[in-house]
Structures are given as structure tokens and as C-alpha cells.
Amino acid sequence: MGRKRRSAASVLILLILIAAAIFTLFPIYMAILNSLKTQGEMLTNILSLPSTLEWGNYQDAYKKINYLRSLKNTAIVVAVGLAGIVLFSSMAGYKLSRTPGKLSAFIFGLFVMSTLIPFHSIMITLVKISKDLKLQGTTVGLGLVYIGLGVAVAIFLYHGFVKSIPRELDEAALMDGCGEFRLYLRIIFPLLLPITATIAILNTLWMWNDFLLPLLLLTRFQEYTLLLSTNMLFGEYNNDWSAILSSLVLAMLPVVVLYLVLQKYILHGIAEGAIKS
């Protein structure tokens with residue numbers, strides 16, 4: 001009976017996972033399917049297969065959203081934000097993990113508690129501060145704002161992962177005359193590769209797909225990210241759905257490729273960072 005129950009439970013879990021996968025992938029399938037249709041064919045029946053593949057929709061979308069410029073803007077935002085998050089969070093997570101005491105625990109607790117604050121409750125204040133600091137209206141400024149919003153979760157993950165690195169490495173390096181910053185840069189940071197890859201892909205997905213914060217901080221069309229440029233295709237009286245769906249597919253393509261390359265690090269890094277915290 002025990003074996004049959006375990007088998008039935010495994011089948012049930014498998015069915016739930018399949019249903020979850022279908023639920024998640026169906027919108028992507030619909031976007032790709034309808035991006036290859038004419039406007040009239042899509043409005044007639046969104047579930048049908050296209051009679052002919054309208055690859056011209058992608059060419060049209062490429063021009064309308066100025067894809068290369070929008071891609072460059074998005075890449076700048078992600079590069080600035082990701083570099084800052086990885087650099088500051090890895091150093092902070094390492095130092096807090098290696099410095100036991102009430103002060104370190106208090107500071108770490110503040111970072112963890114800050115993740116519970118909803119973005120919408122600080123949105124207006126954040127925009128005002130960004131404007132006062134001259135960060136509003138530039139892709140680099142937007143990337144700097146992302147650093148402030150993203151370091152808390154990254155510190156939590158780095159803090160837990162550092163605990164899996166033996167302290168004897170630190171002691172041996174310090175006895176050989178290695179300075180603390182050199183110890184972090186040459187010995188500790190290379191060992192953080194799994195969790196760094198996890199943090200990189202999670203934050204890249206977040207910043208790449210974010211719409212609200214760029215909408216609040218980017219004021220010029222020349223600085224628009226991919227999603228903001230796609231939003232320009234929505235009109236008051238008419239929406240060019242063929243171009244919109246094609247633009248969304250083009251926007252998600254780079255980050256999907258990145259995810260496929262780094263996916264093996266994600267679950268491992270999250271498990272290591274979360275369990276040991």
C-alpha cells in the first residue's frame with residue numbers, strides 16, 4: 001500500500017507540474033502564434049494556426065520600436081544595475097557572514113526586512129529622490145536605482161552561500177600576507193560563481209522585464225527600454241497587435257537565451273543561499 005501511495009503521489013505531482021508548465025507557457029505560445037498572423041486573421045480567431053507565416057511583422061516591429069536603440073538602452077540599464085548589485089552585495093554578504101556579532105546580525109536583519117516593503121509604498125518618494133539626485137531621465141541613473149532596490153535579496157543569498165566556504169581559507173590566506181580585499185577578490189569571489197550566476201539571471205529577468213520603474217524615471221523616447229518602446233505601439237483608438245506581439249517576442253528573446261545558458265546554476269544557488277542563511 002505504501003508503494004502504491006507513493007506512486008499515486010508522484011503521478012499527482014507530475015500532473016500538477018505539467019498543468020503549471022502549460023499555464024505558464026500558454027501566453028508565450030499565443031504571443032508567438034499570433035505574431036505570425038495578419039491583423040485581420042488574428043482578430044478573427046486568435047487560437048487558429050496562421051494560414052501564412054507573416055515574418056514581415058517582425059521587420060515592421062523592428063523598425064517601429066527602433067529595436068537596436070531600445071536593446072542598447074535595456075542592456076545599459078541591466079549592466080549598470082547588475083554590476084552594482086553583484087559587487088556591493090557580494091562584499092557585504094561576505095563581510096556580514098564572516099563578522100559574527102549583534103551589530104552584523106542587526107544590519108543583516110535590516111536588509112532582510114527591507115524586502116518586505118512593497119515597491120508601491122515607496123514609489124513616489126523614490127521618484128522624488130531620483131529627481132533630486134539627477135538620476136531621472138537616464139539609463140545609467142535607472143540602473144543605479146535598481147542597485148538600491150536589488151541589493152537586499154542578493155545580500156541574503158550571498159550571506160548564506162558564504163557560510164559554505166571554510167573559514168580556513170581566509171585564515172591561510174591572511175597568514176600568507178594576503179590583504180582582506182585581495183582575499184575577497186582572488187579567493188572568495190571566484191568561489192561565489194554559482195550564487196553569482198543565480199543572482200545575475202534573477203536580477204536580469206527582473207530589470208529586463210520591468211515596466212513600471214522605467215516608465216516613472218525615463219522621460220525621453222531616446223532613452224526608452226524595449227518594453228517602453230513596445231508600449232508606444234498602443235494607441236488611443238487603434239492597437240497594432242501584430243507589431244505589438246512581434247515586439248514582445250523580440251524583447252524576450254535575448255533574456256530567454258541567457259536563462260537557458262545559466263539555468264543550471266539557478267536552483268543550486270538559491271538552495272545553497274537560502275538553506276544556509
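Is Tyr-67 buried or exposed? Tyr-67 is buried, with a relative accessible area of 10%. The views below come from a predicted model.

**View 1. The whole chain is built from helices.**
The chain holds 13 helices and zero strands. Read from the N terminus, every element in the run is α. The C-alpha trace spans about 70 × 70 × 35 Å along its principal axes. Of the 277 residues, 38% count as buried. Take the contacts between residues at least 6 apart in sequence: 73% of them join residues at least 24 apart.

**View 2. The surface and the charges of the chain.**
The accessible surface comes to about 16,300 Å². Carbon and sulfur atoms account for 71% of that surface. The chain carries 22 positive and 14 negative charges. The mean positions of these two sets are 7 Å apart.

**View 3. The largest nonpolar core has 51 residues.**
Five residues have the most contacts inside this core: Leu-142, Leu-192, Ile-195, Ile-199 and Leu-213. Several helices give two or more residues to the core, including helix 3 (56-64), helix 4 (67-98), helix 7 (139-162) and helix 13 (241-276). Helix 7 gives the most, with eleven residues. In soluble globular proteins, nonpolar side chains tend to be buried together.

**View 4. Leu-192 and its contacts.**
Leu-192 is among the core residues with the most contacts inside the core. Which residues does Leu-192 contact, leaving aside neighbours within four places in sequence? They are Ser-90, Tyr-158, Phe-161, Val-162 and Ile-165.

**View 5. Tyr-62 and Tyr-67 form a tilted aromatic pair.**
The chain has ten aromatic pairs. In the pair of Tyr-62 and Tyr-67, the rings lie 5.5 Å apart, centre to centre. Their planes are 35° apart. Why is this pair called tilted? An angle of 35° is neither under 30 degrees nor over 60, so the pair counts as tilted. The partners also have their own burial classes. Tyr-62 is partly exposed, at 36% relative accessible area. Tyr-67 is buried, at 10%.

**View 6. Phe-181 and Tyr-184 form another tilted aromatic pair.**
The ring centres are 6.1 Å apart, with 45° between the planes. Phe-181 and Tyr-184 sit three residues apart in helix 9, so about one helical turn separates them. Phe-181 counts as exposed, at 52% relative accessibility. Tyr-184 counts as buried, at 4%. Both residues belong to an aromatic cluster with Tyr-94 and Phe-189.

**View 7. Ser-229 is buried in helix 12.**
Helix 12 holds Ser-229. The relative accessible area of Ser-229 is 2%. That value is under 20%, so Ser-229 counts as buried. Which residues does Ser-229 touch, not counting those up to four places away in sequence? Ser-229 touches Ile-65, Ser-70 and Tyr-224.

**View 8. Leu-227 in helix 12, with its contacts.**
Leu-227 is found in helix 12. Leu-227 is buried, with a relative accessible area of 18%. Leaving aside neighbours within four places in sequence, Leu-227 contacts Trp-208, Asn-209, Asp-210, Phe-211 and Leu-248. Met-252 is 25 residues from Leu-227 in sequence. In space, Leu-227 and Met-252 are 9.5 Å apart, C-alpha to C-alpha.

Key: Residues are numbered from 1 along each chain as its sequence is written. This is a predicted model: local features need pLDDT of at least 70, side-chain atom pairs count only at pLDDT 80 or more; totals for chains, interfaces and linings use all residues. Side-chain values use heavy atoms; hydrogens and water are left out. A nonpolar core is a set of buried Ala, Val, Leu, Ile, Met, Phe, Trp, Tyr and Cys residues joined through side-chain atoms within 4.5 Å. Buried means under 20% relative accessible area, exposed over 50%, partly exposed in between (1.4 Å probe, protein chains only). Helices (H or I, at least four residues) and strands (E, at least two) are DSSP runs, numbered from the N terminus. Contact means heavy atoms within 4.5 Å. Accessible areas come from the Shrake-Rupley method with a 1.4 Å probe; for residues, only the protein chains shown count as cover. Lys and Arg count as positive and Asp and Glu as negative; His and the chain ends are not counted. The place of a charge is taken as NZ of Lys, CZ of Arg, CG of Asp or CD of Glu. Rings of Phe, Tyr and Trp (its six-membered ring) pair if their centres lie within 6.5 Å; planes under 30 degrees apart count as stacked, over 60 as edge-to-face and the rest as tilted.
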